[in-house]
Amino acid sequence: MAMAANPGGETRSASGSGFLYWLRIFLFEDGRFHVPLRLAALVTFAIFLGTSFLTGWTKSTTDFPNYYTGAVLVRQGQPLRKFYDWTWFARPMNSAAKRAEMGTYSAQTPLTMLPMVPLAGFPPQRAKQIWIGCNLILLCAAIWLMSRMTRVRPESIWLLAFCGFYSLRNNFVLGQYYVFLLFLLTLAFYCIRGKKLWLSGVLSGIAFGLKLYGGPLALYFVARRQWKALLGMIATCLLLAGLAIALFGAADVRFYATQILPRSLDSGPVDAYSPWNPTFTTVLRHAFVSDVELNPHPLWPAPGLYFFLRSFVATVIVIFLALGTGRRAASERHDFAWFVIGAMLLSTSVGSYAFVILLLPVVLLLEEAGPREGAFLVVSYVLLGLPLHPVALFPKVWLLVALFVIAGMASCRELPWESVVTGLAFAATVGLFTAERQMLNYASEPAQKFERVGAREGAIFSSYPVITQAGVFYQSIGKNQFVLRWLHENRDEELVFTGNALLPRPAADGRSVEFELVGEPGSKRMQFDPVTRETVVLPGEAPGDWVHSVVSPNGKWVAFERAQDGPTRVWLREMASGEERELTGGNCNSFAPAWDLDSKSFIFASDCGRGFGLPALYRARVEGSGN
């Protein structure tokens, strides 16, 4: 039987049967099956155009309106820090994107919306059509570039992308960002192969500035001693930082760097415990940190262990990437692919659409993989691009970990044991140091000191409490919109309106609640009467902000917010003596205090231990109030 050497140095039969044989035919077809493969590619491409692409073209869905609204706000010159306020963002979302549903710019970089700015002059759906049309062209370009860098034919790469259908579909149906990132990273490596290192660094810097995914490539350039690429990346990042400062001002960019970015790297953008965000950080938080609403039954409530393991695992990943890169057993393409997988593994926010990025490292690794490794790479990509169950077991995280380990196995085998031991000891030291600091913050968070109010399993947003004679009202998130909730008579009742109900505040009669209703045809000032259950429109405009300082009903205390170059915290001042004391701590925000009618306690909102700007409610009892 004739034998031929494969790219990985193993042998494979030139004829035969079985899965591994047909997989090699699928990837490295030698002409005998050219027509069937091309026909399959054309048929699946037509199916994709008639389903996913057509749906994205004709229907307005999240997430594109979030990016589009951000771009409109840039053109209007709005302050960047407001973008990250879920409540504030609902207003421009309604007017710019013509959607009464809520949206968010949470966890995006200051320049994520930049590619959308030229599209912000078009109507929302037309802008989305232009965006997904451009993404279709970029997807084809990325596939062509991958075929130029490997022996894998473009029709085979497309069929592989199509097999990860769920990830590919969501990029076009939702108008997402990750096909664009796939193209940037593919072009960056194409430039490395062409010895255009400076341009590769520029492209990596753009990917980092827009979505942070290019960040680990700086370490790749250092490990491979590609100094021109590193300088190009640094220069691009500096230019993008300067652009962000020019657009938003230094204070708002510093706000992102000190408040938004650390929180995003800590807990991700929305639900820090949700299995639908398949990251190793979420696995650890889900296992070891308790939250009465989002994670009431952890595997073992041990937050100190969580803080240690989170830093330890992230440091181990970075150390092995740095030590394993440039080894004799690994090529340039292997190391680049390994770093892209590592970047995905380090991410704290991974939606279903993000896995399309893995098409690049999988194709690059296939060029050098043996039959069994190649089968694992293909099957892993296909599975990561599909919905996997049970979600609660985080199957995609373990599959991504396996992909990272298999990809780096050859490089790590060459590491001296002394380097491995030293690296693990360093990672453990970093983990212990970080855990100690984080536990100090954790101990001062409201959840460790105060009573939770209105706790409901699965609630991700409870804020802006209002206390009247009829009970406690507060703003919450219902089904795709902001609603009011009403705590009274041992009940927690949801009040749904036609539009987003924002920023409740007490009415003059002492029992009703006023609020802003954002929807078609705009914003209205409303009042809900809990006795008659009637809602009426009030004259004038609704206040655009909440109350930051409130006096107790007996006039003895003031509860107020204070932010001193850091998180917002709640303070208490005694009126008679002027004495002030800080009540809340942690690297998180506490705000919107509202006094109970007896002046013995007040309710406030805090996003500690949760996604940025997604608070829960707590009650602080005041010492010396006679309670």
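**Exercise 1. Place Leu231 in its helix and identify the nonpolar surface patch to which it belongs.**

Leu231 lies in helix H12, where helices are DSSP runs of H or I with at least four residues, strands are runs of E with at least two, and both are numbered from the N terminus. The model is a predicted one, in which local features need pLDDT of at least 70 and side-chain atom pairs count only at pLDDT 80 or more, while totals for chains, interfaces and linings use all residues. Residues are numbered from 1 along each chain as its sequence is written, and side-chain values use heavy atoms, leaving out hydrogens and water.

Next, Leu231 joins Trp198, Ile234 and Leu238 in a nonpolar surface patch of about 440 Å². Such a patch takes Val, Leu, Ile, Met, Phe, Trp and Tyr residues with over 30% relative accessible area and no salt bridge, their side chains joined within 5 Å; a salt bridge is a side-chain nitrogen of Lys or Arg within 4 Å of a carboxyl oxygen of Asp or Glu. Areas come from the Shrake-Rupley method with a 1.4 Å probe. Helix H12 (residues 227–248) supplies the largest share of the patch, 3 residues.

**Exercise 2. Determine whether Arg333 is buried or exposed, and list its contacts beyond four places in sequence.**

Arg333 sits in helix H16 (residues 332–346). Its relative accessible area is 9%, so Arg333 is buried, given that buried means under 20%, exposed over 50% and partly exposed in between. Taking contact as heavy atoms within 4.5 Å, and leaving aside neighbours within four places in sequence, Arg333 meets Met149, Thr150, Phe189, Arg193, Leu364, Glu367 and Glu368.

**Exercise 3. Find the disulfide, describe its geometry and setting, and account for the unpaired state of Cys140.**

With a disulfide defined as a pair of cysteine sulfur atoms within 2.5 Å, the count comes to 1. The bond joins Cys588 to Cys608, with an S to S distance of 1.8 Å. The torsion about this S-S bond is about 80°, and the disulfide is therefore right-handed. The partners are 20 residues apart, Cys588 in the loop between strands S15 (580–582) and S16 (590–595), and Cys608 in the loop between strands S17 (601–606) and S18 (616–621). Cys588 is buried at a relative accessible area of 3%, and Cys608 is likewise buried at 4%.

Cys140, by contrast, is partly exposed at 38%; its sulfur is too far for a bond, because the closest cysteine sulfur, in Cys134, is 12 Å away.

Definitions and conventions:
Buried means under 20% relative accessible area, exposed over 50%, partly exposed in between (1.4 Å probe, protein chains only). Patches are made of residues with over 30% relative accessible area and no salt bridge: like charges are joined within 9 Å, nonpolar side chains (Val, Leu, Ile, Met, Phe, Trp, Tyr) within 5 Å.
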